[in-house]
Every structure is written in structure tokens, then in C-alpha cells.
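Trainee: I am new to this structure and would like a close look at a single part of it. Could you take me through one place where two chains meet, and then set that place in its surroundings?

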Amino acid sequence: MILLWTSLVLMIFSGGLSLFRRHPSSPRWSVAGLVTACLIGIVPAVHSLWTGASSETRLPWNIPGGACHLGIDPLTAFFLIPIFLLSSLAAVYGLEYLQGKQPVSWFFYGLLVAAMVVTVSARNGILFLMGWEIMTLSSFFLVTAEHEKREARQAGWTYLVAAHIGTAFLLVLFLLLSRSSGSMDFDSFKGLSPSETAPAWLLFVCAVIGFGTKAGFMPLHIWLPEAHPAAPSHVSAVMSGVMIKTGIYGLLRFLFYLGAPSPWWGWTFIGIGLTSGVIGVLFALAQHDLKRLLAYHSVENIGIIALGMGVGFLGLSGGSTPLAVLGFGGAVLHVLNHALFKGLLFLGAGAVLHSTHTKDIDHLGGLLKKMPWTGISFLVGAVAISGLPPFNGFISEFMIYLGCFKGLSPVHPSTGPLIAAMTGLALIGGLAAACFSKAFGIVFLGEPRSAHAAGAHEVGMPMKFPMMFLAGGCLLIGIFPTLALRAIKHPLAQLIPNLAVTLNDDLSMAERALSMISWSAGALIGLILLFALGYRLFWRGRRGGSAPTWDCGYAFPSARMQYTASSFAQPLTDLFSPLLRSEQIGSPGKDLFPKDSHLVTETPDVFWKEFYRPVLHRIQNLLARGRILQHGRLQLYVFYIVITLIAVFLLEMRNP
Amino acid sequence: MIPALLLIPTLAALLAFVLPSVRGRRVTLVSSALAHLVITGLCWIRRPVPALSGWLSLDPAGLLFLSIASLLFTTAAIYTVGSLRDESPERIPSSREDDFFFSPESENVFIGCLLLFLAAMTAVTLCQHFGLLWVAVEATTLASAPLIYFHRSPRSLEATWKYLMICSVGIALALVGNYCLTAALAIDGGADVSMTVSELMRQGTSFNKLWLKASFLFFLVGYGTKMGLAPLHTWLPDAHSEAPSAVSSLLSGALLNCAFLSLYRIHQVCDAAGLGLFTQDLFRLFGILSMGVATLFLLSQSDYKRMLAYSSVEHMGILSLGMGLGPLGLFGALWHSLNHSLSKSFLFLTAGNLLTFYKTKSTRQIRGILKKFPITGILWMAGFFAITGTPPFGTFFSEFTILKAILEQGRIGLTFLYLGFLALAFIGMSRIFLNMSQGEPDETVPSANARKEPWIRVLPPLILAGLSLLLGFYLPEGLMRVLQEASRYIPG
Amino acid sequence: MTIDILWILFIVSNFFLLGSSRLHTYIRVISLQGFLLSVLPWFSEGPVSGHIVAMSLINGSTKGILFPWLLSQAIRRAEVRREIEPFIGYGSSLFIGLLGLLTSFWIGNRLIPPTATSVFTAAMALFTLFVGLFLIMSRRKAITQALGYLVMENGISILGMALLQHDPVVVELGILLDAFAAIFVMGIIMFHINQEFDHMDTDRLNQLKD
Amino acid sequence: MNPSSLLCLLAAWTLSPLLLGIINRTKAVFAGRRGSPLLQPYHDLLKLFRKDLVISRTTTWVFVAGPLAGCAILGMSTFLIPFGGSPSILRFSGDMILFAYLLGLARFMTVLAALDTGSSFEGMGASREVQFSALAEPTLFLALAGLTLSTGELSLSGLFSANSTLHRGGMAVPLALIAVALFILFLAENARIPVDDPNTHLELTMIHEVMVLDHSGPLLGLIQYGAALKLWVLGAILWNTLWPFSTGHNGADAGIALVGMMGLAVGVGVVESVMARLRLLRVPALLTGAGALALISLIFIARL
């Protein structure tokens, strides 16, 4: 624990360093401090995760109901490790990415990391909320770091408001939880019987809305596709990779305080998962801003995690342990996996942005030649996020699938939701693959579509190294999934304590399957390498020369004639157009001899466009009518006083 | 010590009225403010002996509000010196509507009234006797009216007229409340009882209930007008927006608290007489109503000082709501009054700086404060987070405590109204604050020289902001004890 | 029973205020109310003390003579004679006054009379208070509003006079302080309003609004 | 390791191009032509493997890696397929998931290789390919869920093993529905009429063929061999569903399965001869229809 404290203090200190030293080299010291802090902090986390041990410390804190109560148990440790890992890598990356600009942002970065650490290791409600809100604020400042841009301001506002409303639900949740014991300590929440505090459904709803807003569950996600693109890329990586996972952490920790789960919890989560997953990935497909696309994929992946949790809750409520283990296992593992590949992808997108100064996919192309390392890292991330073997995304999705298959049995009420989850997962997988073949294919392959892309260059070592490290991580888990299984064993045992007896059996079933996958992945890679070797040996020398791409006899092909991201995605977006409601500006060329024409398609968030914005406007208009109250006339004001006086008298003197 | 607390500002005021030297007046202002602050500080160490046969004494709640008033006054005094110095006397006051310059010849009246205002507020916190309390509250109105009218523009004239008229009506109703209280005592022959809080509380349930109820209703409407509870708040946005910013900060941070303290006193008496539930119902009603009405005006406010004023209405609603929720709620309310005063007054001081820099109160014309005036911009942003109850500022914890009190009573509907109004207010204010602070400065709007932020005008708000932040991390033991004693809240 | 004559005079004078438009009538009625108030303490039971005599003298001289005189000076200076175009017409005002009378009696009858003097004390106080407030909110001129305020003060004084025996001095001090404040401070402000706008209508005083 | 499993694997590797020959022959017969020899695909492959390579200047290593990896991945998938009653070499709970995702990976690589050329034709083909496969994926899982639901087995080998309960009485109707759904998938995934026309030479209408326009020589050979493998593995699953019986004798079972595969090829030939290619816009409806069929069968099974 002392290491964790040291790490926290060092983190804030080194972030704060950037406030006082306006020297060009000061970010370097900040980053060095941050990385050291992360390395220190990761030690106790790994220890706890590996041994299953937990420890805590409590310092007095003079706020009513509050206590400086931090602890590490396997669940905390499981979330701490990606936080430390990704934050330190992203910090190194940011050093080159920011190039000494915005030195103040390092202060907020340090604060953000520290707040995340406090959030997942807090053992007291007040401390948790404090960490939670500081996390929000510091990330808000990072999102609006470039606040001279309108989008950044808009994004920051949306984020702040969404987070604030989410927190309001958390306040209610915590207060209801603490009602019976009067203490805000998590220990006192344990063994709570929900009836004595509040109806369990109320607590459940508060938790899902409160934490779901941060995590980005579908109708509550609107801040996410705004905020992630606006932030500097290393911050996007941290926000998307680990910060939104604190929402998942909260759900995992607090839903288990609410007593035995009911089946409808599972259905709710599967419903949320399907909505977030499918609609998230569809919106991703329709985007042509690379970072916005990735942001929607975060919504999608959160959906996958929710699906896993839904399967887990179905298992828990139905008494089916393998279902619970596989569902929660898949969900928890996907948290880690998503941190790895989404962090990687955002860093990759940042590298592209850094090098070409644009994140519009339709202006890019052919970057693989100019940025080979970034390209291959991004490819790894793309394959991994599509859930394809032999990378890590496949492993967690496999566990959820397996859970679904395992839970299928005729006439069982949970079969329906499980089939829905499975089919949805398949659809998500297919669409994600489509989306990332677009993202990678259009950005990195083909010919450059603009001067921006043509002038690209590979980024430096501080940016390359984190990406390659993360890519390595993706591959490692993909090839040795049993390692990952070992990592989630203790958190699972903690989550599902009454299943601890059968946990090993259920896990060993998964372990058998995963070890076979491990072999298959090895064999697959071997086979591909074999083919590659064969090609190298036999055919590579037999180049019959090179030529331009087959152009169907067209006389003057140009790079602008290539398929663009928008046209690539068009069949799918057309198919789902009732849902996406894309907006078109201009029109495509008509007639046999089309004249100059211009066409832009935009796909703004449908929930924002069709629900939140009208509702907000409605409220505002409604309230604006009430403003006639302050009409400016003194007579009217005195009238209010008289009316109030009469009203309270009539109200209170009715029955003497 | 009690005479000293009252006499120092009064004598200094007399001195300021007659002193011809500009510098001398300003020195008087600051030094008497500091002296007052020091004596207030001493009161924390040893409570002063009661004066005037117990009519004047310092109970925990009084101590809390006295300290707030004294602290805010000191910062406002320093700030005032800065703003008086900045507005150079040779500039001719024009008759433009947005004429914000002080006219030099009235400076002695201004400083004198400012000091008298402090004396009156001190008296409010000290008075244990309802009649005397009423006189003191009346005195605050009289002392502050010339302060609001200081700019001598038609707008400030209008604001002053409304302030005087409405507050006078309110204060007259409070006087009726006093009479009803006497009647409540007189009927059962308790005529010899002195009308001090402790004596009345000792009477217990021997009051005539109906007269006491009537008395409370008159007090509620009367002092409620002064406190700015909706729909009696109508004078507040006008007065707060037209007064010089240092005065606004005192009105919002200290004067409203004085009215709250008066209501708190009558609440104590009613509670002891067994009417606690009756008063709590009404406090809750007015509290939530004020929050709702304030929200209406916060959503798209185009004048930032008015926005701050409406935010005060909202927070007074929170205080009233907290008082309607039993000991825990009252604990939260008292705590919140401290937090609110600190944050609101540094916001008003910062708003004053903005007004000096940009010469406009329009939220739509000011852009990019953070870029142009970094310290002011940071203060403005910090103020936003502080006033909307975001951790790590103290307001979060006090609002949280009040929410806790609501939920402990199991009022789900009230919970949603409370959180809903807070959220709406947040949405409305965030738009305004963020748009003003962030972005590129709009160069078409004339403004003062960039990077010219005189320390004397930045330091006072900075101090208050620092305290406000500190209270979010740490609640000193002594303060906690005072809050607990004042609210009779014993943590379980 | 003689006290009932006093009450009837109060009621009549209040309706006079509601129905009249001439400012000088207002002032005379207010002066009359001031004298009525000074008589009121004599009707209370118990011995007539020097305290009561002093109070009634002070009341009569200030509310009956001093304030009306000050106000008529102000009217002369501002050169206004009558209230024009009130927000609520005179007929409606009288009707609302009737409603106010009923409400006052309804509330007043629920309160046990504080002294044996009369059962109507509370009701009368409330009614006069109501009329004062009604004048403030239904009339246009700043000076009428100040007059309304004085009527309101009179209503409060009814209650205060009835309670004079039980009352500590401070409460009586309150009335006077209040009235002084009203006259002096409002007078100053009215002077400024007059200077600024060349008339004393409050029509121009509605710039501050949302 | 079961020797018969190994033999089946070898059969998949060697006999898969034969299926293409049979299809072409069937179509020729229907058209009244004599047609090319049954072994023509082998000759084609050999010829391609002997040729030199021409590679577009736009491309990167992805262009080469696509066919290489694609073929390797499809080769890998043959390890997972039980055939003729013998279990597959790799079998474990959930291997069908790996199978489905291996097909996905192969497709991903092909699509990337197509996009690497920068040609808008190949982009177009890639775009269509990802659209149809995204829609096909849920159908495949629905069908697999149906099979799992009726047997309780979690691996392909288990599903189709001799002691599987798949041939339990009363399952005929839902199984038939699943088989129809799988057949549609089989046609769609293998770029067959009515979804795609493998013989067309009009770039604008093609899906799979247009993606490999720029590949030549050995790389094209790998692609074609990969396509044959895909035809084989998906056919094997379809056949196993259609014929969930076992004679109890390994050799006989394998023989029946071989004959069944040939029959499937003939069936594909017949369909290609008698049907026209669907308009591209109608294809999603077809795939969704297949999904609906699988879903209906699921409802049957879940209730049974």
C-alpha cells in the first residue's frame, strides 16, 4: 500500500511540476515522474492480482462521512494495471505528440491518472466520488485543452454536463446504500439486504445510469464521440482505454452489493449491450473522422462488455455457474483487451494526425509506405478490435460466445436473451471487421488522396515504442490466453464468492478450450510464416515486373478516383439508413454528362439529434416562458409578496 | 469584545464621513476591517461575554455568520480600495447607461455606509433579542441602500428603489411577526419573558400555537424577502447586478446569510415549541420553489452579474431546504452557507474585475478570458465549479449532506426535484461560464490592456477561492464543532 | 363598545383610500388614522400609565402631524395632484378591499384576541395592512406607493398599540424607526427619481427585468 | 490422433478443387456443352503456380500477405472440420467460434489486399464483400446455435459425431430449415449464384472476383486454392447437417460423405444453371431471410 501512496503523491507532484516551471524541458521531467510513479504503482497491483491478496490503509479525513480509505484487492488490481500501463505509455507518447506545447496539460494529466487510481482503489463513498469527479474535471480540461476550437468547447460542454448528470445518480446510489448503516465505507455496504435501504431496482437503475454514463452505454453515450476526438490523442487513448472502464468497475463493484441478481438484470445488460454494440459500430462505419470512428468503437466495445455482464448476470440469477464465469470472465477480460487495442488505435490515429495534420479518412491513403511501424501497429489493433484471431479481442469475445453456447438449453427462459446476445455479437463482429477494413484500408493502403497524406513521415521513437508495446500485448494475450485467464481468476473469485467452489472447474473448462486456441493460434501463425517463407524462397524472385494497378482501360487515373471511406461504407450505411439518418449536403452528379458537383455526408449522433437536442430545447423554451415572472414592475413584485402571504396563511391556518 | 465588534465599524464610519483625505479614508476602511477580523478571530478562541443582559451574545450560529461577514468584508474592503484607485477621479462620469465609474465626491458616503453596513451585519449576528434583531436587519437595509445607488445611474436608481421598497415591505411584515410573537406569549400570561432566543426556547410549548404560527408566517415572508426566497426574491437580481461588485459580494455572501440567520432563530423557537414539523414543511416548500425559480433564469441569462444573483436565489433555496430537513439538513445548510458565501463572493469580485476590463455585463460579448486575463479566467472557471457544487470544492460536500438528509427522510420526489434543479442550473451556468472563459478573445469588443491584472483586485478573490477549495479537502475540527452545536446534529 | 366606533372609522378610512384619486385626500386620511392610532391605547384594560400617555402623544404628533406634513411638502415640490391611471380601477379596488376585509376577518377570528380590548384587533390590523399593500401594488406613482407604505405601517401599529402593555420598548422603537426610514430614505430616493425623470411615475422604473 | 481424421484432412486438401470441376461440368451439361475436364481446376492451379508475378506499383506487402495468409488461414480451418463421421484433428468446446472467426480473418486479409491496390473496382468489391459477410455472420451463428441447442454439444466434432442426438426424431423440420439457411450461406460465402457470379467479367457486377483483379500468377493460384478449401469446409458442415447419420463404419461413412460432397457440387451447378444472379440490392434480403429461417428453426428447437 505504501507503494500505491508513493505513486499517487509522485504522480500529482510531477504533474504539478509543469505548472511552475515554464521551461521547455519541464514536460520531460513531468513525464519521467509520471512513468516512475506508474511503475511504482504497478508493483502492488501485480502482486495482488497474482496472489489474490488484498490490503488496505485508512487515514483520517475531516469531512463528515469521509475517510481516506484506500485498498487493493484483485478486482481493483485488475483495473489498476491497465491504468498504470496505458497511462505511462501514453505519457511517453505525449511527450513527442505535444512537442512542448500546452505544458499545463501535464498537470491535468497527472491529476487524471491519480484520480483514476483513487477511484478504483477507494473504499469509501465520499473518497470515491471525489476521485470520480476529479477524474471528470481533469479530463474535461484535457478535452478542452485546445479550447480555441469550437468543437473542443462543444465537446467539453457535452462531456461535463453528461458526467454531472451521471454523478447525480451516483450520489443517490451511494446515499441509499449508506442509509441503513449510516456509513459511507464500502465495508458497511457488504451483506446489505436491499429491502432495508431501498428497493433493489431503484439502486440498480441508479447504478446503471450513473456508471453507464461514464462507460458510454448507448443512449447515455453522447458525450463520448464528441470528447474523444477533441482531446489530444494520448489523452483520448487514456480516456477511451481506461477512464471509461471506471464505469464498468463501478458496476462490477456496486451491483454486487445489491443482493442476489434478478434475471431482468441480465436482460437489461444484454439489451444495453446489443444497443450499444450494434448501433455503436454502425455509427462508427458512417464516420469519416478517424478519431470519431474510434470513439464510436469504444461505445461498441462497451456494448460487448455489457453483453458479457448480461450473460454473467443471467448465469448468476439462474444458478448456472459456467455461464456466470464465462460471461463475467469475458467481460472483465475484454476490459483489459480493449484498453490494449483501443489505446493502440488511438495512439496510431494520433500518429497519423501528428504526421499529416488531418484526421479525415477521405484525405488520407498510402500511409503504410511512409509510416511502416505505425501502420503495422495499427493493423494489429484493427485485427484485434475486430475480434479476429490470433489477437486478444478474439479471446474475450470467445469466452462470451462460449458462455452463450453453454447456456443454451431448450425451454429455459434465458435461452432467448443468450441467442440474442450471440447473434448480436456476431453482427457486431462482422460490422467491426467491415469498419476496420475501411479504417486501415483507406488510411494506410492505396495512394495518398491529398497533399497532407503525401507529405507524411514516420513518427519518432517516443511515439513508436508505446504503439509497438501495445501491439505486442495484443498478440501476447492472443497467443497465450491462458495467461489472461490466470489474471482474471482472482477478480472473478472475488466477484462471485459463492461460486468459489466450482470456480476452478468452470475455469478449467475454459482453460482447456483456451489452451487449444493457444495451440491453434500458434499453428496459424506457423502456417502463415511457412507460406511466407515459401513465397520468399520460390516466388519472390519471379517478379515479372511491376505495373500500375489495373485501371480498366481508363486513360488518366488519379489518386482521387480511389474508393473513399464513405463510398466503402455506403452499402452498409444505406442498409441501415433509417437508423443512422445521415445528412447529405449537395448532390451527386446527374445525367449522362454530369457537371461539377459536390457531395458531403455527415452522420451526427442520432440520439443527440433526435432526442437530447429537441428535449433540451423544449425544456428551455418552456422555462423561458416562466421568465415573465421577473417583469420589471415593482407593483408586480409586491403583489407576489401579498399572494405568498395570503397563500401561506390560507394553507396553514385552515385548521386551527 | 462585543462592544468592540460593534463600535469599531461604527466609529470608523463616522470617521470616514468626516475625513477629507482620500488616503485616510481608505486606510480607515482597511484597518478597521482588519481589526474587526482579528477580534472575530479571537472570538473563536474564547467566546465573548454576553452584553445588554443577554440581548447581545455570540452563539455558535452567530459566530459562524459573524466570521463569514467579517472575512468577506475584509476582502471586499481591500478590493474596494483597488477599485476606487483604478477608477481614476479625473475621469468624468458620463450619463451612459452602463456607466460604472464611481463619482469621487460620494466616496466618503460610500465608505461610511460600507462600514455602517458591517456594523449592522455584526449586530444581526449578535442579537439574541427578536426586537433588536429586527432593528439590526432594518439597519442593514438602510446602510446598504446608498451603496447600491453608488453609481448614480438610472439603472442603479431603479434597483435601489425596488430594493428599498420591497425590503421595507418585508421588514414591516417581520415587524408584524414580532408582534404576533409577543401576542403568542401574552395570551397565556408569560408577559415578563424577555424575547431573547434562549428565554423563548425555555418557554417550550407554553406558547399560544396559533399566534406563534402566525408569527412564524410573517417572519418567513418578511425575512424571506430579505433572504431572497422565491417568489419574494424579485429585488435581488436588480440590486446585486447594479451595485458595485464589492457590495454585491457582501450582499450575496453576507447579507443574505443575515436574513437566513434570522429565520434560523425563529425556527429554533418554533422547534422548541413543538412546531418544528410545521416550519420544516414551509422551509422545504420555499426552498425547492426558490431553486426552481432560479433555474428558470439561469438557463439562458445574458447578464453575468444577474446570473450570479439568481444563483444566490438558488443557493438560498438550498439553505432553506436544508433547514427544512431536521438536524442533519440544518448542519448541511449552515455548512453550505459558509461554502456558498466564499464562492459567491469571489465570483462577484471576479465579475467586478471583468466589468472593469470589458466594460460590459453581457455574457455574449465576453470571450476567451482564459487567454486574455489568465488569473481572472482561472478564477472564473474555479468559481463556476465551486458554485455548481463540483468536488473538490466545499460546496459539493454541503450539497451532498443536504441530499443525504433528503434521502434519510425517504423523500424520493424531493430528491429528483433537488437533483433536477441542480442539474438544470449546472447546464445553464456551464454554457455561460465556459463560453466566456474559453475560446479565442473577441477582439472587436473593446477591453482593457491584456495581461494587466492588478494584484490588489486579484488577490482578494484568490484568497477566497483558496479557502473555498481548502474547505473541500479539510473541515477544521473547531468549525465542525460549531456547525454541530448550531444544528444540534450529532453524527451517528 | 366605544372601541367599535374606532374600528368603523378605520374601515371607512381604508375604503376611502381605495376609492380616492386625490393625493391630498390620501394624506388627510392617513393623518386621521394616525390620530385614531394614538387614541387606541386608552381603550386597553389596566391602569393608564405614563408610558401609554407618552406613546400616544408621540404617535399622534408623528403619524398625525409630522409625516403628513412632510408628504404634502413632497407633493407640492413634485407638483402632482392626483393619481392617474391606476393599475386597478377604483371600483375594482373597492371590491378587492371588500374581499380583503372578509379574508382578514376569517384569519383574525381564528387567532385568540391577545388582549381583552377587542376581538377585532387582529382582523383590523390585517385589513389595514392589506389595504396598504394593495395601494403599493395597484398605483403608479412613487409617492402613492410611499403613502401605501404608511398605511401599512398604520395597520402594524394597530397590533402594536393593542400590545403596548406587554410590549417592551424596543418594539415601539421599531415602528418609529421604520416610519422614519420610510419617509427619509424614500424621500431622498423620490427626490432622485424626480430629478432623473422629471416626474414621479414609476413607469420608467422597469428597465431591470429578464 | 485419429488416422481417419488425418485421411479426411488430406482429402480436403486434395479433393477440394475437384468440387469446382464438378460444378463447372454440371453447368456445362445443363448448357448442352461438353465442358472442361473434371480435373481442369488442378491444371489451372499448376499453371498459375508456375507463372511469374506482376505486382502493382501502388501496393505494399499487404498485397502479397493477403493471399498468403488467406490461404494459410483457410488451410488452418480444415483442421477444425469433422468429416464423414471422423472427428476433426483440433476439437474443443467452442471450436465453431474459432472456425467462424477464421473465415472472418481470411476475408479481412483478402479485403485489405484488395484495398491495397488503390483501384476503385477492387474497393467496390471489398465494400460489397464486407457488407454481405457482416450480414452472413449472424446467420451462421444462429444456425450453429440451433445445432447446439438440439444436441447440447459445444464442438463441431461433437455436433456431428456418431453419438450426437442430432438425428433424434422430431428434429427433421427444424434441421431442414437450418440446412436451407446453411445452403444459402454456403452459396453466398463461396461467391456463387444467386449472390455472385464467379464467371462474370464485368467488373461492376462482381464481388469476389473483382477483389482479386490485380493478383496474378502464384498469388492468384493461392486465392483460387483457398476458395476451393472454403467450398470444401463449408460444404462439409452443410453435408453433416443434411446427413446426421452414421453407419457405424468409418470407411463407409467417409464414402457416403464424399459422395455427398460431390452431390452438393452438382447441386450448386444446378442452382447456377437454373437461376439468375440477384440484383445486388436484393442480396441483403436473401441473407436476412436465411437468418430468419435459422431463427424460426431455433424457436422450434427451443420449444421442443
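Mentor: In this predicted model, the contact between chain A and chain C draws on 14 residues from chain A and 15 residues from chain C. Sorted by class, the side of chain A that touches chain C is made up of 8 nonpolar, 4 polar and 2 charged residues.

Turning to the partner, chain C has 7 helices and 0 strands, and when chain C is read along its sequence the pattern is α-α-α-α-α-α-α. Of the 210 residues in chain C, 46% are buried, that is, they have 20 or more other C-beta atoms within 10 Å of their own. If one takes the contacts in chain C between residues at least 6 apart in sequence, 71% of them join residues at least 24 apart.

On the other side of the contact, chain A is divided into domain 1, covering 1–259, domain 2, covering 264–534, and domain 3, covering 606–652. Between domain 2 of chain A and domain 3 of chain A, the C-alpha centres are 50 Å apart.

As for the surroundings, there are 4 pairs of chains that touch, and among these the pair with the most contacts is chains A and D. Chain C, however, does not touch chain D, since the nearest C-alpha atoms of these two chains lie 55 Å apart, and chain B and chain D likewise do not touch, with their nearest C-alpha atoms 40 Å apart.

Technical notes:
Residues numbered from 1 in each chain as written. Chains lettered and ligands numbered in written order. Predicted model: local features only at pLDDT ≥ 70, side-chain atom pairs only at ≥ 80, totals over all residues. Contact = placed C-beta atoms within 7 Å. Nonpolar A, V, L, I, M, F, W, Y, C, P; charged D, E, K, R; others polar. Domains from an automatic or database assignment. Helix = DSSP H or I, 4+ residues; strand = E, 2+ residues; numbered from the N terminus. Buried ≥ 20, exposed ≤ 12 C-beta atoms within 10 Å, placed from the backbone.
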